[in-house]
Amino acid sequence: MMTQRQLDDRLMDVDKAMRGLRESMRGIPIRFAGFKKDHDHVARSIANATVLLEGAKPMFSNHPVKARRH
């Protein structure tokens with residue numbers, strides 16, 4: 001099972017990769033073969049996944065928070 005520390009490490013890896021992608025975009029003409037549209041779609045999808053994983057962090061701890069019953 002993945003621990004919270006491992007999740008933090010993977011999220012930092014994704015952040016580092018996205019920063020590298022942003023840096024590499026500087027050398028490419030903005031509308032070269034529709035690459036900008038693909039880049040924006042991937043970046044948005046990665047951002048959504050990152051937010052979902054950040055929100056799920058308590059589930060990866062050694063003592064997960066239990067849901068309250070109403």
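Let me begin with one residue, Ile46, which is partly exposed because its relative accessible area is 30%, where partly exposed means between the cut-offs for buried, under 20% relative accessible area, and exposed, over 50%, with a 1.4 Å probe and protein chains only. What you have in front of you is a predicted model, in which local features need pLDDT of at least 70 and side-chain atom pairs count only at pLDDT 80 or more, while totals for chains, interfaces and linings use all residues. Residues are numbered from 1 along each chain as its sequence is written, and side-chain values use heavy atoms, with hydrogens and water left out.

Staying with Ile46 for a moment, this residue lies in helix 2, helices here being DSSP runs of H or I with at least four residues, strands being runs of E with at least two, and both being numbered from the N terminus. If we set aside neighbours within four places in sequence, Ile46 is in contact with Val14 and Met18, contact meaning heavy atoms within 4.5 Å. The C-alpha atoms of Ile46 and Asp15 are separated by 9.4 Å, although the two residues are 31 apart along the chain.

Ile46 also belongs, together with Val14 and Val42, to a nonpolar surface patch of about 190 Å². Patches are built from residues with over 30% relative accessible area and no salt bridge, like charges being joined within 9 Å and nonpolar side chains (Val, Leu, Ile, Met, Phe, Trp, Tyr) within 5 Å. Val42 lies in helix 2, which covers residues 35-55, and Val42 is partly exposed, with a relative accessible area of 40%.

Now to the chain as a whole. It has 2 helices and 0 strands, and 10% of its 70 residues count as buried. Its accessible surface comes to about 6300 Å², of which 59% belongs to carbon and sulfur atoms; these areas come from the Shrake-Rupley method with a 1.4 Å probe, and for residues only the protein chains shown count as cover.

How far apart are the end C-alpha atoms of helix 1? They are 32 Å apart, and this agrees with the 32 Å that the 22 residues of helix 1, residues 4-25, should span at 1.5 Å a residue, since the expected span is taken as 1.5 Å times one less than the number of residues. Within helix 1, Leu7, Asp9, Leu11 and Met25 are buried, and the buried residues of this helix pack against helix 2.

Let me turn to charged pairs. A salt bridge here is a side-chain nitrogen of Lys or Arg within 4 Å of a carboxyl oxygen of Asp or Glu, and by this rule the count comes to 6 salt bridges. In one of them the side chains of Arg5 and Asp9 meet at 4.0 Å, N to O; being 4 residues apart in helix 1, Arg5 and Asp9 are separated by about one helical turn. An α-helix has 3.6 residues a turn, so residues three or four places apart point the same way. Arg5 itself is exposed, with a relative accessible area of 60%, and the C-alpha atoms of Arg5 and Ser61 are separated by 8.5 Å, with their positions 56 residues apart along the chain.

A second pair is Arg19 and Asp15, whose side chains meet in a salt bridge of 2.9 Å, N to O; both lie in helix 1, 4 residues apart, about one turn of the helix. Asp15 is partly exposed, with a relative accessible area of 36%. Glu23 and Arg26 form a further salt bridge at 3.1 Å, N to O; Glu23 is partly exposed at a relative accessible area of 47%, whereas Arg26 is exposed at 62%. Salt bridges that share partners also join Asp8, Glu54 and Lys57 into one network.

That network brings me to Lys57, which is found in the segment after helix 2. Is Lys57 buried or exposed? Lys57 is buried, because its relative accessible area is 17%. The side chain of Lys57 makes a polar contact of 2.6 Å with the side chain of Asp8, and another, of 3.2 Å, joins the side chains of Lys57 and Glu54. A polar contact is a pair of N or O atoms within 3.5 Å; within protein, one must be able to donate a hydrogen and the other to accept it, and residues adjacent in sequence count only if both atoms are side-chain atoms. Leaving aside neighbours within four places in sequence, Lys57 is in contact with Gln4, Leu7, Asp8 and Leu11.
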